[in-house]
Structure formats: structure tokens, C-alpha cells
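Work through the exercises below with the model open beside you. Try each task before you read its solution.

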Amino acid sequence: MVIMSFKEKIKGIEGDASYEAKARVLREQLEAKIPAGLRLPPAILEDPPLDITHIPETCGLLSAQELAITELDATAVCQRIAAGELTAVEAVTAFGKRAAIAHQLTACLIDFFLDEGIKQAQQLDEYFQKEGKVIGPFHGLPISVKAHCPVKGTVGCGGFLVNMETSTEDCDMTSILRSLGAVFYVKTNQTHSIMHLESISTYGRVLNPHNTNLTAGGSSGGESALIAMKGSCIGLGTDIGGSIRCPSAHCGIYGIRPSSRTTPTHGLLWYQHGQDGVFASTGPMCRSGRDMRLFLEGVLGANPALLDPDVLPIPLKVPDLTQRKLRVGIMMHDGVVMPHPPTIRALNLLKAKLDASSEVEVVDYTPYDHDRGYSIIRELYYEDGGATVRRLIKEGGENMHPLTEWVISPPYVKNHDAAEIWKLRDRRDIYRREYSDHWWSQNVDVVVCAPFQGTASRHDTAKYWGYTAIWNLLDYPGAVFPTGLVADPTVDVYQKSPSPMSAADEYNISLYDAAIFKGAPVSLQTVSRKFNDGLVLAAQDVIERILKF
């Protein structure tokens, strides 16, 4: 493994002279927004440790009160503000200052506008003082927002230099969040093209706070790194192939991909509008399981279908699982790629804990032809053969990132005419029906599986999304949660030489070196059938409690 300096690791997408001139201006504009009083000493930035999570606490730039506030999850922030124990200004100031520190270490931001956030928070505090009540469930809650989700007056990006903007309006989701009392203060970095698992852009490469030699995931990697650094307690992400769940898993936080068309997506910056072979979802990335429920209850309670005609008016129903046994399927692998030893250790531990519990019934879940399903969704992503991506990159003068090239290249990707698109959609629908029948035959309420074929991967190596993308194809909601375990090179080794199940598995095996992944969080994923989002939340809560008891 090549040893890279911190400066080299954090470097972003490069390009021709015209691109570099524009990119330099954008980076300098962001740099100028970071207050001088929040800049880390050069000595820290020259050679930081691999694990940088402790630096905000030890750098001396935050007060004891600010550190205490940034330890809170979103639910606690809302509760304290509603009780008059914390002001909106105090909350956004604390998280904003910590976000500025986090960005210098991880390149997690594309815009920083704390002053605007404080102004918004002051208005909310004045309302609370006058009326004695909150304006909505998110009153004063600082929420970070992914780059391609517009917030009026801030920088937005649709994946490339040529579709960057200063947004003139909120998208539907941020409009709803604002109406419920949310306070915006940062926009977060994302993946080049928004379509792979390495968050790197004009603004830099997002580093994993637990081990900067590893990726923070993508495409919502700026969110996951920021939340892991406690510069945010909850953020808005998007997911069409794993972009909420993968980075959440990699950075040891929580995140849920809701069933598509239950949360609003209108107004997102994108470059394939009208492509509906698979739908994206918007959802929360956060610090606790209860924060996922807080977010979805708030957003769905606002009835977004009244604003976005593509949203289905389906309420969140969280069942009471104390009245019956939960049937949990454990999927050790997907039949294509075997997870790395740390993830297998977590799955084995969970299975043993669940087997010993009277609250659940455990089933060995058999995957159904995941290789075929993964092939279908990979083809659905770029039905134009990747031509739009190549055009936008050429127009902007930026270099093609290797994973962007990979995601738009054969064998999965090819150009389609109308008849070929119909055949592809038919293959999708046939697979969905077959998988639905298979799920019922397994007699499970939820499935627990890996969210990725290991912990966070080395930079620029993530070339298999099957553990998340398969559920996007089926449109099954999935929530990721940290197990509390971390990769340990003293125990997480292959006991015998592994036999690859596929070419993708052979590649995954070749990436594993136990020492490289030391300290990386180990996460798992809970999945259920379409529109069973409430069941996923309830089951995740039970499963996590049993695992950590």
C-alpha cells in the first residue's frame, strides 16, 4: 500500500487549465468562509493521525458547553429546545463551529454559511420567547444538507463542475424541513457523478474520520464524515444504490433509505431527469436510531404528497413488536461476494445473541439470484451508455475519476433504444415478482445483512454495491446501524484461504489486509418489504438492543 501524505489524500478532482482555474476559485471561496478563530494549527494539518475523531475535543477551539451540545443526538436537541433548556442559536453555533473544524480534516463541506444559520435560529428563538412554543417538530434543529439538495442562497452541485449553482430556491425536501423549524448552516460534499462510493469532488476527497486511509463512502460521504465528527447531529442524504446506507455504515452512524416516493425528491440537482428505471430516495443520516424515526415522522407528518405529486401519501406506521415475536432472517452473504472477516464476526455475534433471545425467531435467509438483480440495476442506471456523463465531464474540463469510468463502462452499461429499454424494464419487473415470491417463502419479517462487503474500503477501490443496490432494485427500505464493533487485526483474519464465489469476490478478497482496516466501524443493515419502513425502524431498535445488551 502506497503511503500518502494528508495533503495528497484530501486532494479532489483535477482537470485542464480552465477547470483548475474555476476549481481554485470555488475552493478559495469556501476557505474564506471558515472563520480565522476556527482554523486548526498547521502542525495538526501537516500530519494528523489516522483516527481524527478526537481532534475537535482536544484542539481547544470549542468551549465545554459547545462540546456538550455536539454530543447530543437530534432528538435530544429538539427536546431541550422545546423545554427551553437550549436555544436554537446555541445549537447551530456549536454544531457550526465543530463543522468548520471537521471540514479542515475531512473535506466534508462544499459551503459554510453559519451566519445565515444563526440569523434563522435567532428568529426561531424570538418566536419561542414570544409564543412559548415551537413552530414545528424540528424547531431550531441544525440539519446539514447534501450538495445536490438545493438550499436557497447556497452552493449546490449536480455531480460535476458544469452543473454547479448558487440555488435560487429550496428543493421540496429542504422547504419542508425549513417549515418544520430546521436550521441550515452547511452543504456537504459528495461523489463525482453522485454515482459511486468514493466521495470526491472539486472540493476534495472526503476522508473517513476513523481511519483517513479509508473512504467515508458515497455518494453522501460528506454527511457521514461530518456526522461522525459530530459537526452535525442529523443530515439529509439521498440513495439510489446505497448512498445513504454505505457512508453511514462506513463512518459508524445511522441512516435509512426509505421506500422510494414516500419522501420528496423534486428539485434535486441531477443530470438524468426522466430516468425512472430506479427511483432515488431522500432520507436521514444521524447519530441514533430514534433520530431516523424523528426525521421520518416529521417529514411524512407534513404530508409531502400535497407538494410533490410524485410522492405517495403513505403514513409511517411503526408497529408494536412487544405483542409478537419478530422473525429475523440472517443473510450471511449474498451468494456473490463474501463479506470480509470483521463483518462476518458481527453477523455471527448477532445471530448468537438473537438465538438466545425470547423476543425473536431467527431464520437462515437464503438470497435469491442477487447477481442477476445487481446486473439489472447496474444496466438501469445508465440507459444512454454513459453518454451524458462523458459529455458533462468533457464540457467542464475535469478528469474522469476511475470509479466514475467504472460505473459507466461495460459489461453492465450500454446504450439502449426504446425497445431495449422496455425489455430491460420487463426484466426488472420479472425479477421483482420472483424475489417477492421468494421472500414470502422464507417467512421472515425482516432480513439483517451486511451493508457492504466489509468495513469502509480503501480509497478508490469500491467496485461492488450489491449489498445495498439489490434493495434499491426491489425498492425495499433498509436501515444501517453501528454494531459497536470495530475491525481488529488480531482476530479479523481468514482462518483458511478463502475460495472465491465470483470474479467480484476474488477482487474483494484481494483487497483485504487486516492491518489496513484497523479501527474501522462494523455496521449491519435491516431490510424489509416495500413500504414497511415503520417495521424496519421498529425491528432495528429491537435487533440493536439485543446485540448490545
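**Exercise 1. Place Gln442: in which helix does Gln442 lie, and is Gln442 buried or exposed?**

Step 1. Gln442 lies in helix α17. Helices here are DSSP runs of H or I with at least four residues, strands are runs of E with at least two, and both are numbered from the N terminus.

Step 2. Gln442 has a relative accessible area of 15%, so Gln442 is buried. The scale is this: buried is under 20% relative accessible area, exposed is over 50%, and partly exposed is in between, with a 1.4 Å probe and protein chains only.

Step 3. Look for contacts, meaning heavy atoms within 4.5 Å. Leaving aside neighbours within four places in sequence, Gln442 is in contact with Arg327, Val363, Asp364, Tyr365 and Thr366.

Before going on, note that this is a predicted model: local features need pLDDT of at least 70, side-chain atom pairs count only at pLDDT 80 or more, and totals for chains, interfaces and linings use all residues. Residues are numbered from 1 along each chain as its sequence is written, and side-chain values use heavy atoms, with hydrogens and water left out.

**Exercise 2. Find the angle at which the axes of α17 and α18 cross, and list the residues that meet.**

Step 1. Take α17 as residues 418-442 and α18 as residues 466-474. Axes are lines fitted to C-alpha atoms, for helices over the stretch in contact, and angles run from 0 to 180 degrees between N-to-C directions.

Step 2. The two axes come within 9 Å and cross at roughly 105 degrees. That makes α17 roughly perpendicular to α18. Angles under 35 degrees count as roughly parallel, over 145 as roughly antiparallel, 65 to 115 as roughly perpendicular and the rest as oblique.

Step 3. From α17 come Arg428, Tyr431, Arg432, Tyr435 and Trp439, which meet Ile470, Trp471, Asn472, Leu473 and Leu474 of α18.

Step 4. By class, this contact has seven nonpolar, one polar and two charged residues. Ala, Val, Leu, Ile, Met, Phe, Trp, Tyr, Cys and Pro count as nonpolar, Asp, Glu, Lys and Arg as charged, and the others, Gly among them, as polar.

**Exercise 3. Do the same for α13 and α20: at what angle do their axes cross?**

Step 1. Helix α13 covers residues 341-355, and helix α20 covers residues 533-548. Their axes come within 9 Å and cross at roughly 95 degrees.

Step 2. α13 and α20 are therefore roughly perpendicular to each other.

Step 3. Leu349, Leu350, Lys353 and Leu354 of α13 make the contact with Ile543, Ile546 and Leu547 of α20. The classes are six nonpolar, no polar and one charged.

**Exercise 4. Trace Val89: which residues does Val89 touch?**

Step 1. Val89 is in helix α7, residues 88-106. At 22% relative accessibility, Val89 counts as partly exposed.

Step 2. Not counting residues up to four places away in sequence, Val89 touches Ile118, Ala121, Gln122 and Asp125.

Step 3. Now compare sequence and space. Val89 and Gly140 are 51 residues apart in sequence, yet 7.7 Å apart from C-alpha to C-alpha.

**Exercise 5. Describe the backbone at Lys230, Asp475, Ser219 and Pro411.**

Step 1. Start with the general rule. Most residues other than glycine have a negative phi, and most peptide bonds are trans.

Step 2. Lys230 has a positive phi, near 65 degrees. Lys230 sits in the loop between α10 and β8 (234-239) and is partly exposed, at 21% relative accessible area.

Step 3. Asp475 also has a positive phi, about 60 degrees, although it is not a glycine. Asp475 is found in the loop between α18 and β14 (478-486). With a relative accessible area of 6%, Asp475 is buried.

Step 4. Turn to the peptide bonds. The bond from Gly218 to Ser219 is cis, with omega near 5 degrees. Ser219 is in the loop between β7 (204-205) and α10 (221-228).

Step 5. The bond from Pro410 to Pro411 is cis, with omega near 15 degrees. Pro411 is in the loop between α16 (402-407) and α17.
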